[in-house]
Amino acid sequence: MTDQAPAAENGLQGKPTHASRTTLSHIMSGNETNLLGTVHGGVIMKLVDDAAGAVAGRHSGGPAVTASMDEMVFLEPVRVGDLVHVKAQVNWTGRSSMEVGVRVLAERWNEAVPATHVGSAYLVFAAVDADGRPRPVPPVLPETEQDQRRHQEAQIRRTHRLASRRAIRELRARKQREREQSRLQQQAQSEPWSGA
């Protein structure tokens, strides 16, 4: 179900979840608003990618690139003046890829009220070498029950990603075959008959 590489297989010692966990915080300004006067979703997505990239680089011990964003859920709008906290951690690792889970919180910069959960995302990063080729990553070692749950959920998302890619490839191949058959049939019908 997973391509989780044990430390003995790739020679890398596993790292606990907390080793690369990080929080990026940013005060939202008027430059970052959309036409509705709230913070543009793309600004939040960039912060998510930045925090997740830092975590992926820390965990893998070098460069890591965004391979995909499985899901970005916006729960509440972010306003100008909000202090946004983007919390990220590695949930799952494969041979050269990592799923990073991100939670976005917002609070008024000048008020002592609890932060509001405004968004969540799951990104997949690939560790790369200097030539841009995949390189092995250490296994992630979940530490808490919550980390263990996130790890299991990440495996489910990976299974769905792979199944979705496979189904799309199969659909495209079938459609290509159908187009080719149709083209050949049309060509055969348009050719003049030869014979006595």
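## Close-up views of a predicted model

The C-alpha atoms at the two ends of residues 18-131 lie 29 Å apart, and this span is 18% helix and 46% strand. Helices (H or I, at least four residues) and strands (E, at least two) are DSSP runs, numbered from the N terminus. The model is predicted: local features need pLDDT of at least 70, side-chain atom pairs count only at pLDDT 80 or more, and totals for chains, interfaces and linings use all residues. Residues are numbered from 1 along each chain as its sequence is written, and side-chain values use heavy atoms, with hydrogens and water left out.

**View A. The annotated span, residues 18-131.** An unreviewed UniProt entry gives residues 18-131 the annotation "domain: HotDog ACOT-type". UniProt positions are given in the numbering used here, feature names are shortened, and annotations may be inferred rather than shown by experiment.

**View B. The salt bridge between Arg-161 and Asp-70.** The side chains of Arg-161 and Asp-70 form a salt bridge with an N to O distance of 2.4 Å. The pair links distant parts of the chain, 91 residues apart: Arg-161 belongs to helix 3 (residues 145-190) and Asp-70 to strand 3 (residues 64-74). A salt bridge is defined as a side-chain nitrogen of Lys or Arg within 4 Å of a carboxyl oxygen of Asp or Glu. Arg-161 has a relative accessible area of 13% and is therefore buried, whereas Asp-70, at 29%, is partly exposed. Buried denotes under 20% relative accessible area, exposed over 50%, and partly exposed the values in between (1.4 Å probe, protein chains only). The whole structure contains 13 salt bridges.

**View C. Salt bridges of Arg-149 and Arg-133.** Arg-149 pairs with Glu-153 in a salt bridge, the closest N and O atoms being 3.0 Å apart. Because they are four residues apart in helix 3, Arg-149 and Glu-153 are separated by about one helical turn. Arg-149 is partly exposed at 37% relative accessible area, and Glu-153 is also partly exposed, at 28%. Arg-21, Asp-147 and Arg-150 are joined into one network by salt bridges that share partners. In a further salt bridge, the closest N and O atoms of Arg-133 and Asp-129 are 3.8 Å apart. Arg-133 is partly exposed, with a relative accessible area of 48%, and Asp-129 is partly exposed, with 25%.

**View D. The largest pocket and its lining.** The largest pocket has a volume of about 310 Å³. Its lining comprises 16 residues, of which Lys-87, Gly-101, Val-102, Arg-103 and Arg-150 lie nearest the centre. The elements giving two or more residues to this lining are strand 2, strand 4 (82-93), strand 5 (97-108), strand 6 (116-127) and helix 3. By class, three lining residues are nonpolar, six polar and seven charged. Ala, Val, Leu, Ile, Met, Phe, Trp, Tyr, Cys and Pro count as nonpolar, Asp, Glu, Lys and Arg as charged, and the others, Gly among them, as polar. On a 1 Å grid over the protein atoms alone, a pocket is an open set of points where a 1.4 Å probe fits, with protein on both sides within 12 Å along at least five of seven lines; lining residues have an atom within 4 Å of a point. Grid points are joined across faces, edges and corners, and the volume is the space filled by probe spheres set on the points.

**View E. Surroundings of Thr-22 and Ala-106.** Thr-22 lies in strand 2 (residues 22-27) and is buried at 15% relative accessibility. Beyond residues up to four places away in sequence, Thr-22 touches Ala-51, Val-55, Arg-58, Val-86, Lys-87 and Ala-88; contact means heavy atoms within 4.5 Å. Ala-106, in strand 5, is buried at 6% relative accessibility. Neighbours within four places in sequence aside, the contacts of Ala-106 include Asp-82, Leu-83 and Val-84. The C-alpha atoms of Ala-106 and Asp-82 are 5.9 Å apart, with their positions 24 residues apart in sequence.

**View F. Two loop residues, Val-128 and His-40.** Val-128 occupies the loop between strand 6 and strand 7 (140-141) and is buried at 12% relative accessibility. Leaving aside neighbours within four places in sequence, Val-128 contacts residues including Pro-63, Val-65 and Arg-133. His-40 is found in the loop between strand 2 and helix 2 (41-60) and is partly exposed, with a relative accessible area of 42%. With the same sequence neighbours set aside, His-40 is in contact with Glu-32, Thr-33 and Asn-34.
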